[in-house]
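This report introduces one protein structure to a reader who has not met it before. The sequence and structure are shown first, and the description follows.

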Amino acid sequence: MTLLRMDNVGIVVDDLAAAIAFFVELGMELEGEAEVEGRWVDRIVGLDGVRVDIAMMRTPDGHSRLELTRFREPMAASAEPRNAPANALGIRRMMFAVEDIDDTVARLRAHGAELVGELVQYENSYRLCYLRGPEGIIVALAQPLR
């Protein structure tokens, strides 16, 4: 069997600074930023004249990364409603385990995040919620109950 390890998840954003601030507040670390362009990028993504700014975000445990990308050329296109519901086809959310969900929600609200539904408790296992963050990204939070 071939080794399979997820390297990162890519998210296209319009306001890169706001997205970085949101994910830093969540607890991720900025690994680095770069401007990327050239024929090799055009060939990978299937577009011509690509010029992007990227920021690589890493979880504190080092196991997961997000690549935040702002397209300068060609301009980003919207393929769905900005605030698509949780049952829309495609990638809908990313879930993060947190130690204190109330504190995390409060800190992310300061960055414009809004609850999609409610903060709920699932049996005696978790407290859970969905938040809509920058660019309409849905971030799910799970606080394990010990």
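In this predicted model, the lining of the second largest pocket draws at least two residues from each of S4, S5 and H3. S5 provides the largest share of that lining, with four residues. In total 23 residues line the second largest pocket, and those nearest its centre are Thr59, Pro60, Met95, Phe96 and Ala97.

The largest pocket has its own set of contributors: strand S1 (9-12), helix H2 (39-45), S3, S4 and S5 each give at least two residues to its lining. Nearest the centre of the largest pocket lie Gly10, Ile11, Val12, Val13 and Ala77. The table sets out the two pockets.

| Pocket | Volume | Lining residues | Classes of lining residues |
|---|---|---|---|
| Largest pocket | about 1,100 Å³ | 36 residues | 23 nonpolar, five polar, eight charged |
| Second largest pocket | about 440 Å³ | 23 residues | 11 nonpolar, six polar, six charged |

Phe96, one of the residues nearest the centre of the second largest pocket, also belongs to the largest nonpolar core. That core has 25 residues, and Phe23, Leu68, Phe96, Val139 and Leu141 have the most contacts inside it. Two or more of its residues come from each of helix H1 (16-26), strand S3 (51-58), strand S4 (65-73), strand S5 (93-97), helix H3 (101-109), strand S8 (126-132) and strand S9 (138-144). The greatest contribution to this core is that of H1, with six residues. Apart from this core lies another, of six residues, including Val36, Val50, Ile54 and Phe71.

Which residues is Phe96 in contact with, leaving aside its neighbours within four places in sequence? They are Phe23, Leu26, Met28, Thr59, Leu66, Val139, Ala140, Leu141 and Ala142.

The backbone deserves separate mention. Most peptide bonds are trans, and most residues other than glycine have a negative phi. Glu73 and Pro74, however, are joined by a cis peptide bond with omega of about -25°. Pro74 is located in the loop between S4 and S5.

Positive phi values are found at two glutamates. Glu123 has a phi near 45° and is placed in the loop between strand S7 (120-122) and S8. Is Glu123 buried or exposed? Glu123 counts as exposed because its relative accessible area is 54%, and the cut-off for exposure is over 50%. For Glu135, phi is near 60°, and this residue lies in the loop between S8 and S9.

Key
Residues are numbered from 1 along each chain as its sequence is written. This is a predicted model: local features need pLDDT of at least 70, side-chain atom pairs count only at pLDDT 80 or more; totals for chains, interfaces and linings use all residues. Side-chain values use heavy atoms; hydrogens and water are left out. A nonpolar core is a set of buried Ala, Val, Leu, Ile, Met, Phe, Trp, Tyr and Cys residues joined through side-chain atoms within 4.5 Å. Buried means under 20% relative accessible area, exposed over 50%, partly exposed in between (1.4 Å probe, protein chains only). Contact means heavy atoms within 4.5 Å. On a 1 Å grid over the protein atoms alone, a cavity is a set of points where a 1.4 Å probe fits but cannot get out, and a pocket is an open set with protein on both sides within 12 Å along at least five of seven lines; lining residues have an atom within 4 Å of a point. Grid points are joined across faces, edges and corners, and a volume is the space filled by probe spheres set on the points. Ala, Val, Leu, Ile, Met, Phe, Trp, Tyr, Cys and Pro count as nonpolar, Asp, Glu, Lys and Arg as charged, and the others, Gly among them, as polar.
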